[in-house]
Amino acid sequence: MNNHFVDAVERSIVLMHENLGEQLTVDDMARAAMFSKFHYTRVFQRITGVSPGRFLSALRLQRAKTLLLSTSMNVADISVHVGYNSVGTFSSRFTRSVGVSPIEYRRCGGAVPRLGATKPELGAESADGVVSGVISACSPVALDAIFLGLFKSRIPEGQPTSCAMLSGPGRFVLDRVPEGTWYLLCHGVGPGRGAGGDDDDVSQFGSHGPFRIGPEQKSLDVVVRLGPARLCDPPMLLALPDPRTIAPVRRSGWGAALGRAA
């Protein structure tokens, strides 16, 4: 993608970061990018993988996660601080995206006991895809754990359809993948860091997709290279287990080692 377009999108993302409590419109974002609204929306989607509105919503929830762990603000005040008029709407969106309620997220210190995967529908004959490959890291800093999962969108939120954890860079296998279009999203956690440290300088991120698993392609082998988060990368919203409390594995199928959804 042309650097001019990336710079324009990043200008609008800086505007989002600086005004999370305000009611920003796409027109506001497009002006920051110095594009027309329609051109801006198309370019933003191409670069980030999501719409400007969804990206802004993800940034608001990411900031809420940080405030829950780093301040004593109550949930109602945090919801207003990140641009929500209704604490009920904020709590429901937070729970859907992060996997636990705001109160539970604070109570568990940002790290959930288990990470579940979405169960394939009963009787589904199409949940036989396999996504495998290699995760590598561009930094010499060791990683305690690498979480990876398949999601329906470019934003890592809600329950993944398949997930695993590695003890470091290496090969992985995700099986029982249903037919559909997926994103493989990865998060590497640095030494001694809990899963709540999404913004830590030692964390690394990587992605592959979108790609489709279906009758025409039931397996896929990919290489994902981890690196520092970029400004235009959607934030990690899903709450993850603390790697210090579970035993990483080199290979995992659907829900194994990280826990199955109930």
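The exercises below, each with a worked solution, concern a predicted model of a single chain.

**Exercise 1. The chain as a whole**

Task: State how many helices and strands the chain has, and what share of its residues is buried.

Solution: Begin with the secondary structure, where the chain has 7 helices and 9 strands. Turn next to accessibility: of the 262 residues in the chain, buried residues make up 49%. Finally, consider how contacts are distributed along the sequence: among contacts between residues at least 6 apart in sequence, 74% join residues at least 24 apart.

**Exercise 2. Aromatic pairs within helices**

Task: Find how many aromatic pairs the whole structure holds, and classify the pair formed by Tyr40 and Phe44 as stacked, tilted or edge-to-face.

Solution: A search of the whole structure yields 6 aromatic pairs. For Tyr40 and Phe44, the ring centres are 5.6 Å apart and the planes stand at 55 degrees to each other. Planes under 30 degrees apart would count as stacked and those over 60 as edge-to-face, with the rest counted as tilted, and the pair of Tyr40 and Phe44 is accordingly tilted. The next step is to place the two residues in the secondary structure: because Tyr40 and Phe44 lie 4 residues apart in helix H3, which covers residues 37–48, about one helical turn separates them. Both Tyr40 and Phe44 are buried.

Task: Carry out the analysis for Phe90 and Phe94, giving the class of the ring pair and the burial of each residue.

Solution: The ring centres of Phe90 and Phe94 are 5.8 Å apart and their planes lie at 50 degrees, so this pair is tilted. Phe90 and Phe94 are 4 residues apart in helix H6, residues 87–98, and are therefore separated by about one helical turn. As for accessibility, Phe90 has a relative accessibility of 0% and so counts as buried, and Phe94, at 0%, likewise counts as buried. One further step widens the view, since ring pairs link Phe90 and Phe94 with Tyr84 and Tyr105 into a cluster.

**Exercise 3. The packing of H2 and H3**

Task: Decide whether helices H2 and H3 are roughly parallel or roughly perpendicular to each other, and list the residues that make their contact.

Solution: The axes of H2, residues 26–33, and H3 come within 9 Å and cross at roughly 80 degrees. Angles of 65 to 115 degrees count as roughly perpendicular, and H2 and H3 are therefore roughly perpendicular to each other. On the side of H2, the contact is made by Val26, Asp27, Met29, Ala30 and Ala33, and on the side of H3 by Lys37, Tyr40 and Thr41. Sorted by class, the contact of H2 with H3 has 5 nonpolar, 1 polar and 2 charged residues. Tyr40, which takes part in this contact, also forms the aromatic pair with Phe44 described above.

**Exercise 4. Salt bridges**

Task: Count the salt bridges, then describe those of Asp28 with Arg31, Glu104 with Arg107 and Glu216 with Arg212, stating how accessible the partners are.

Solution: The count comes to 8 salt bridges. In the bridge between Asp28 and Arg31, the closest N and O atoms are 2.4 Å apart; both residues lie in helix H2, 3 residues apart, about one turn of the helix. Asp28, at 22% relative accessibility, counts as partly exposed, whereas Arg31, with a relative accessible area of 56%, is exposed.

For Glu104 and Arg107, the closest N and O atoms are 2.6 Å apart, and both residues lie in helix H7, residues 102–107, 3 residues apart and so about one turn of the helix. Glu104 is partly exposed, with a relative accessible area of 26%, while Arg107 is exposed at 60%.

In the bridge between Glu216 and Arg212, the N to O distance is 3.8 Å. Glu216 is exposed, with a relative accessible area of 57%, and Arg212, at 40% relative accessibility, counts as partly exposed. To complete the solution, one may add that Arg154, Arg230 and Asp233 are linked in a network of salt bridges.

**Exercise 5. The surroundings of Val87**

Task: Locate Val87 in the secondary structure, and identify which residues it touches when those up to four places away in sequence are not counted.

Solution: Val87 is placed in helix H6, and its relative accessibility of 38% makes it partly exposed. Not counting residues up to four places away in sequence, Val87 touches Val75, Ala76 and Ser79. Of these, Val75 is 12 residues from Val87 in sequence, and the C-alpha atoms of Val87 and Val75 are 7.4 Å apart in space.

Notes
Residues numbered from 1 in each chain as written. Predicted model: local features only at pLDDT ≥ 70, side-chain atom pairs only at ≥ 80, totals over all residues. Heavy atoms only, no water. Phe/Tyr/Trp six-rings, centres within 6.5 Å; stacked < 30°, edge-to-face > 60°. Buried < 20%, exposed > 50% of the residue type's maximum accessible area, 1.4 Å probe, protein only. Axes fitted to C-alpha atoms, helices over the stretch in contact; angles between N-to-C directions. Parallel < 35°, antiparallel > 145°, perpendicular 65-115°, else oblique. Contact = heavy atoms within 4.5 Å. Nonpolar A, V, L, I, M, F, W, Y, C, P; charged D, E, K, R; others polar. Salt bridge = Lys/Arg side-chain N within 4 Å of Asp/Glu carboxyl O.
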